Amino acid sequence: MSWTRALPTALAVCVLVLTGTASCDSDDGRQKERAVSPSPVGKVLKDTDEAGRHYREVDDKDAPEVGIEVQPDTDDSWDVRLTVRNFRFSPAGTKPEAVEGRGMVYLYVDGDLVSRLRTPDCRIPGDLVPRGTHTVTARLYADDGTVWAVDGDPVESTADITASGAEASPSAEVSPDAVSAPGTYMRTGGRGSPDRAGKAS
């Protein structure tokens, strides 16, 4: 007899537990419906870079910035040091989507892509910089491959370097305008560069 009385009680407890769980699930569903989906970062423009990657326009306020400094090294190579502001380098394996103030720096020599950087330092081999004057450009890209842009211009900084020998050599000359030095960063239609005192974000 005690067994038959316990069965309805146990069933009632199960119904209450199941009803309570279902109620929580439906409430979670309502919360998901009420949640605002994150808005995309910036506005993708029709303008593209040389490889057809679209510009991603962001507001001037707190926009990412990059500065570049290039110096000859003793082993025929060139040392590149980047200074960034409002920008973080994404580690390898980052999901390919645009996140505000994050991504990679594409490094160009005379318009040719030579490296995709995830750190502020790199070295350009001397065979990529033969005798003569060359333009080194650092341009900021989001992780989805779009170009960070402000006022329709890519966020980038350039420096001109001059190699005196058949190849870059330890005696390579750096013209007065060659190094994008602190406070004298050069631009080619891009976002201004932070000074060296600016903190990297």
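In this predicted model, a useful place to begin is D153, which has a relative accessibility of 31% and therefore counts as partly exposed, since that class covers the range between under 20%, taken as buried, and over 50%, taken as exposed. This residue is found in strand β11, which comprises residues 153–154, and D153 also belongs to a negative surface patch, whose other members are D47, D59, D62, E100 and D151. Membership of such a patch requires over 30% relative accessible area, a condition that D153 meets with its 31%.

From the acidic surface we turn to the aromatic rings, for which a search of the whole structure finds two pairs. One of them is formed by F87 and F89, whose rings are arranged edge-to-face, with 5.5 Å from centre to centre and 85 degrees between the planes. Within this pair, F87 has 0% relative accessibility and so counts as buried.

The other pair joins Y106 and Y141, and it is classed as stacked because the ring centres are 3.7 Å apart and the planes meet at 15 degrees, where planes under 30 degrees apart are what the stacked class requires. Y106 lies in strand β6 (residues 102–109), while Y141 lies in strand β9 (residues 132–141), so the pair ties together parts that are 35 residues apart in sequence. Y106 is buried, because its relative accessible area is 5%, and Y141 is likewise buried, with a relative accessible area of 0%.

Definitions and conventions:
Residues numbered from 1 in each chain as written. Predicted model: local features only at pLDDT ≥ 70, side-chain atom pairs only at ≥ 80, totals over all residues. Heavy atoms only, no water. Patch = residues over 30% accessible without salt bridge, like charges linked within 9 Å, V, L, I, M, F, W, Y side chains within 5 Å. Areas by Shrake-Rupley, 256 points an atom, 1.4 Å probe, with all protein chains shown as cover. Salt bridge = Lys/Arg side-chain N within 4 Å of Asp/Glu carboxyl O. Lys, Arg positive; Asp, Glu negative; His and termini not counted. Charge placed at Lys NZ, Arg CZ, Asp CG, Glu CD. Helix = DSSP H or I, 4+ residues; strand = E, 2+ residues; numbered from the N terminus. Buried < 20%, exposed > 50% of the residue type's maximum accessible area, 1.4 Å probe, protein only. Phe/Tyr/Trp six-rings, centres within 6.5 Å; stacked < 30°, edge-to-face > 60°.
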